[in-house]
Amino acid sequence: MIEPMTYFGTFWIPNNEGKRMFGTYTYKEDGSSIIEIHRCDYEGTFFSLPPKYGVLWGEIADGYPMTFFDVTPMGKRGESYYLFYSKYVLTKYHVQSLDDELFDRCFVKFNHLNAWVRKNTFEINYGTSEITYISNYDETVISSDIILDVNLSASICSLVLDSIIPFYSCKLTQETYFRLYAQSCKSIGYFIELITEITQFVSVALLSKQYPDKILFGDDIRLLVNNKESEKPTHILIPFELLKDRVPILLNNWHKYYSDISPLCTRYLNSLNQSDFDTPDFLLIATSLDGFYRRFISNDDGISYKSRLDKLIEKFKDIDAVKEYSIDTEVFKDSRNKYAHLFPESEAPKAVFGKELYILTQKGVILLTCCFLNLLGLNNEEINICCKNARLQNRLNIL
């Protein structure tokens, strides 16, 4: 298993093993991968290639194979030192490209999935003379596989890892992760797209930006990726314990609509940072609400922006947060016209700014949240549960 540190090794362009180059590979704590070529005895090895190299092979730690993808030069000194950054690194295998169909399953760990599923897979028994623990190893959190499409299924599982130092200490760690199963072998690129899709779903469910902590294709076969640190969720949107039986249909619909909903979801997640509010945050929500209506309800150009908002509000009128913190759609429309289309004040007389624009934006966030949850298959009663669980009304408090 590769751990964050620097390894000595040799590196070469695929199918050119006779022209190995000596150097080091550094796997950093943040998941980034840096290759340093310290000696290159083969003139023209890199100079004949484009600025970015698709694949580089290597061996570290007594012949441990590595494949580096999207290798980008970062600098060089003279003719014997080259520095590279690699976007993806596959351990234990040499492959030709991200398109090679090699694996039929993938395991993705997220740091805060434990906080979502709240599944305890081990128990500790305190006896008179000793302490023991019982672990339900690799326990499936949802009783049956989640069918995403005819060729793809997923499950959510938890396991317990132990780290024992004899006569000194024992550390127990629970990990919860997604398992993705394909009916036939798929490429790494295929799974990367699925991981991006699942990552956005987890981010929405936890109402905070999440990133994979670990990606596995088998025993010790890892895909190393440079990711930001996941945000610690404060209020979870979709309460797993209350809506556990609905999670399969939520994931199925997320997969079904992902290509259309992804741009809106990105805007939504970017708008969740309340500590750095500015006018573009309002525009993200204003355009996302319009985009949602056009993509998933009706693309009738004969209906005005205000009317589209009115219809969305009518759809969710019995949800407490929407009812209590109602949107003045005339104000919303004028504010959108002012900041998106630079309408003069005379043509957008009800546009707001400052604190009022912040509050208006948060009301839009609540409405957009209802839109997402409805698309995923929840009814208004269930959406009401989610909004209360996430305490969305607290977003209207001025910082």
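Two strands count as paired here if DSSP finds at least two bridges between them. Keep that in mind for the hairpin I start with, and note that this is a predicted model.

The hairpin is made of strand 14 and strand 15, with two residues between the strands. D220 in this hairpin takes a positive phi near 65°. Strand 14 covers residues 212–218 and pairs with strand 15 in the antiparallel sense, over two bridges. G218 has I221 of strand 15 as its bridge partner.

Strand 15 has another neighbour. Strand 6, residues 81–91, runs antiparallel to strand 15 and is joined to it by three bridges. There, V89 stands opposite L224. How much of strand 15 is buried? Four of its five residues, 221–225, are buried, so the strand is largely enclosed by the rest of the structure.

Now the pockets. The largest has a volume of about 670 Å³. Its lining has 28 residues, and Y27, E29, D213, K214 and R222 lie nearest the centre. Strand 13 (169–187), strand 14 and strand 15 are the elements that give two or more residues to this lining. By type, the lining divides into 11 nonpolar, six polar and 11 charged residues.

The second largest pocket holds about 460 Å³ of space. Of its 21 lining residues, T196, T199, Y211, P212 and N227 are the closest to its centre. Elements giving two or more residues include strand 6, strand 14 and strand 15. Helix 2 (188–206) provides the largest share, six residues. This lining has 10 nonpolar, nine polar and two charged residues.

So much for the hairpin and the pockets.

Notes:
Residues are numbered from 1 along each chain as its sequence is written. This is a predicted model: local features need pLDDT of at least 70, side-chain atom pairs count only at pLDDT 80 or more; totals for chains, interfaces and linings use all residues. Side-chain values use heavy atoms; hydrogens and water are left out. Buried means under 20% relative accessible area, exposed over 50%, partly exposed in between (1.4 Å probe, protein chains only). On a 1 Å grid over the protein atoms alone, a cavity is a set of points where a 1.4 Å probe fits but cannot get out, and a pocket is an open set with protein on both sides within 12 Å along at least five of seven lines; lining residues have an atom within 4 Å of a point. Grid points are joined across faces, edges and corners, and a volume is the space filled by probe spheres set on the points. Ala, Val, Leu, Ile, Met, Phe, Trp, Tyr, Cys and Pro count as nonpolar, Asp, Glu, Lys and Arg as charged, and the others, Gly among them, as polar.
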